[in-house]
Amino acid sequence: MSAPADRRAGRRTRVRAGRTPWILVVPAVVGVLFLVLPFAGLLVRAPWSTMGARVSDPAVLSALWLSLSTASVATAVSLLFGVPLAWLLARTRFPGRRFVRALVTVPLVIPPVVGGVALLLVLGRNGLVGRYLDAWFGLTLPFTPAAVVIAQVFVAMPFLVISVEGALRGADRRYEEAAATLGASRATVFARVTLPMVLPGIAAGAALCWARALGEFGATITFAGNFPGTTQTMPLAVYIAMQRDPEAAIVLSLVLLLVSLAVLGTLRERWVHAR
Amino acid sequence: MSRDARGSSRPDPGTGPGSDRGPGSGIGHGSDPGEGPGPGGAASGLDAVLRARLGGFALDVSLTAAPGEVLALLGPNGAGKSSALRVLAGLVPLTGGHVRLDSRDETTTAVEHRPIGMVFQDYLLFEHMSALDNVAFGPRCQGAAKAEARARAAELLDHMGLAEHARTRPRHLSGGQAQRVALARALAVRPRMLLLDEPMAALDASTRIDVRSRLRRLLEGFDGVTVLVTHDPLEAMVLADRVAVIESGRVVQEGVPAEVARRPRTAYVARLVGLNLFRGRGDGEAVVLDARDGDGGPTRVAVREPNEGPALVAFPPRAVALYPEHPHGSTRNVWRSTVDGIERFGDQVRVHLAGPPALVADITPAALADLGLAHGDTVWAGVKASEVECYPR
């Protein structure tokens with residue numbers, strides 16, 4: 001039998017799945033267009049001829065470096081505090097656990113600007129805690145790169161906590177029981193059994209956290225200010241550029257888009273497909 | 001498996017500290033051999049009374065087992081046998097009772113400090129570790145140096161015939177191999193009690209026989225207490241020295257497998273071991289069965305030996321002969337009955353009779369053809385008194 005005949009036979013024998021309902025297809029297509037079109041706009045309006053010179057502008061590079069480094073530090077800090085917090089929420093019972101859980105998610109829902117104001121009130125030079133940091137240690141946080149990191153952690157850590165807590169709840173606890181019967185203390189169980197089991201969840205949470213930190217705007221500009229070279233991250237630079245030189249804003253946006261896609265793509269390749 | 005290979009540092013009751021130590025016995029687990037058996041040193045092995053609330057019902061069982069003995073907890077699904085094992089392991093808290101192991105009270109000991117090794121139903125090998133690292137995990141947790149733990153693990157795997165799979169990840173092991181790794185992992189902590197939760201359940205039927213005989217040899221070489229949970233009577237009979245049948249959180253029968261198989265005490269056990277079982281009261285040569293509603297007159301079962309008082313009678317389905325008419329012969333138990341169902345049973349045919357007494361009879365397909373039986377037909381069932389086992393209730 002020839003190949004086309006085969007194919008025809010295949011068509012005849014295939015079970016007909018029924019028509020895909022237009023009431024679902026049309027909104028889905030509109031949704032996709034809505035999400036993709038803005039990026040197309042960026043690509044179309046980009047000043048391709050002067051791209052090289054603009055990208056290698058020291059101001060752009062310094063903003064990019066600041067963004068990448070602060071987002072990475074913020075992710076590391078979030079991991080350091082967020083993973084134990086997620087473990088506590090998922091694996092222990094203590095009074096007020098549900099309340100703590102709700103508190104953790106608050107930064108997810110409040111506008112970041114409000115978060116920035118709150119941070120300023122607490123950690124600012126005259127803030128509740130900042131006052132003592134200044135008096136005792138001579139530490140002034142606002143308007144420094146450290147403030148950028150703090151603002152990013154405040155906004156991004158909840159993503160990590162929620163994601164890791166979900167992974168912990170989804171993990172089969174019987175493996176932890178098996179480890180306990182073999183003489184493992186709770187700390188050992190966590191380090192040698194739980195952590196490796198939820199690693200994909202932690203990686204996903206960290207990626208989400210990093211992406212959120214990279215895009216942070218409101219809390220950063222409120223708490224850390226907008227000083228080129230010290231606290232002006234890429235999103236702030238884009239916003240400022242938009243006021244005086246829209247083409248520069250387009251270039252910065254494209255760079256930010258490419259960098260975040262590249263990093264997340266690599267992580268995904270490494271963590272999702274390695275397993 | 002040899003006694004040496006397990007290298008148990010558990011002190012044999014009555015012997016001094018340091019005796020009967022295997023290679024690498026430096027890996028202790030907090031049970032200092034110097035303590036020896038407590039007051040009344042004869043009470044070595046397991047002595048446990050377990051009371052716990054489990055979802056819908058209460059667990060209340062008492063279990064004992066001597067060192068080297070394999071105790072099987074047999075029961076239907078949801079009877080509480082796995083929960084009993086989890087209570088023994090310390091994974092589920094007790095509401096009452098105690099767990100004593102070799103005269104030492106372990107009732108409140110944390111899971112990680114109990115001198116136990118547990119094999120879970122689906123083995124729960126750590127996927128991110130090689131077989132060797134899985135086995136070395138316990139000794140490492142007990143403070144052994146990495147090299148020492150790995151050497152011990154390698155030795156155990158070698159004895160399990162798994163030397164060439166030491167570097168294999170659990171997902172690449174067959175069911176039988178995974179079970180052996182799980183056993184090696186449990187034994188690596190030198191437990192004084194081995195807890196096995198349905199160790200055959202995850203295996204397919206073709207490998208089960210082989211794995212079972214291997215497990216049996218291994219358990220014979222283990223000198224601590226073994227508690228095995230199973231719902232398969234054959235597994236209990238083959239592997240265990242003693243069987244405790246658990247129904248609805250209580251032990252309903254306990255004894256050596258042969259005794260349980262011959263003299264079941266509950267309908268569940270009778271069904272498991274394939275016997276017709278009736279409750280009644282002995283009045284000399286016969287037992288009068290407890291009347292059930294609508295049964296009409298009392299049913300009498302003639303038995304081998306004179307019998308008085310509350311009794312159980314049991315006989316196997318193959319001891320029941322079926323006749324189209326009332327038989328004339330030496331058979332002393334003859335009941336008129338109707339056919340309630342017919343099914344294939346191995347190379348026999350199992351005929352369910354409505355009674356009284358309600359029973360099952362196994363006959364050959366040829367006999368069935370001769371009798372020409374169908375659902376609802378009337379038939380005479382005969383059982384010789386010599387085939388009827390009678391024992392006090």
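This is a selection-by-selection tour of chains A and B in a predicted model. Residues are numbered from 1 along each chain as written, and chains are lettered from A, with ligands numbered from 1, in the order of writing. Local features need pLDDT of at least 70 and side-chain atom pairs count only at pLDDT 80 or more, while totals for chains, interfaces and linings use all residues; side-chain values use heavy atoms, without hydrogens and water.

**Select chain A**

Chain A has 13 helices and zero strands; helices (H or I, at least four residues) and strands (E, at least two) are DSSP runs, numbered from the N terminus. The C-alpha trace spans about 90 × 65 × 35 Å along its principal axes. The radius of gyration of chain A is 24 Å, against near 19 Å for a compact globule of 275 residues; the value is taken over C-alpha atoms, and the globule rule is 2.2 Å times the number of residues to the power 0.38.

Colour chain A by burial next: 37% of its 275 residues count as buried. Buried is under 20% relative accessible area, exposed over 50%, and partly exposed in between (1.4 Å probe, protein chains only). Then show the charged side chains of chain A, 26 positive and 11 negative, with the centres of the two sets 10 Å apart. Lys and Arg count as positive and Asp and Glu as negative, leaving out His and the chain ends; each charge is placed at NZ of Lys, CZ of Arg, CG of Asp or CD of Glu.

**Select strand 8 of chain B**

Six of the six residues of strand 8 are buried. On one side are B:Val225, B:Val227 and B:Val229, and on the other B:Thr226, B:Leu228 and B:Thr230. Strand 3 (residues 70–74) of chain B pairs with strand 8 in the parallel sense over five bridges; strands pair if DSSP finds at least two bridges between them. B:Val70 is opposite B:Thr226. Strand 7 (residues 193–197) of chain B also runs parallel to strand 8, joined by five bridges, and B:Leu196 is opposite B:Leu228.

**Step back to B:Gly221**

B:Gly221 sits in the loop between helix 6 (205–220) and strand 8 (225–230) of chain B. B:Gly221 is buried, with a relative accessible area of 12%. Now add B:Gly68: the two C-alpha atoms are 8.0 Å apart, although 153 residues separate them along the chain.

**Finish at the open sheet of chain B**

Four strands in the order 2-1-4-5 form an open sheet with antiparallel pairing. Its edges are strand 2 (57–65) and strand 5 (104–105), each paired on one side only. Strand 4 (residues 96–101) meets strand 5 over two antiparallel bridges; select B:Arg100 to find its bridge partner, B:Asp105, in strand 5.
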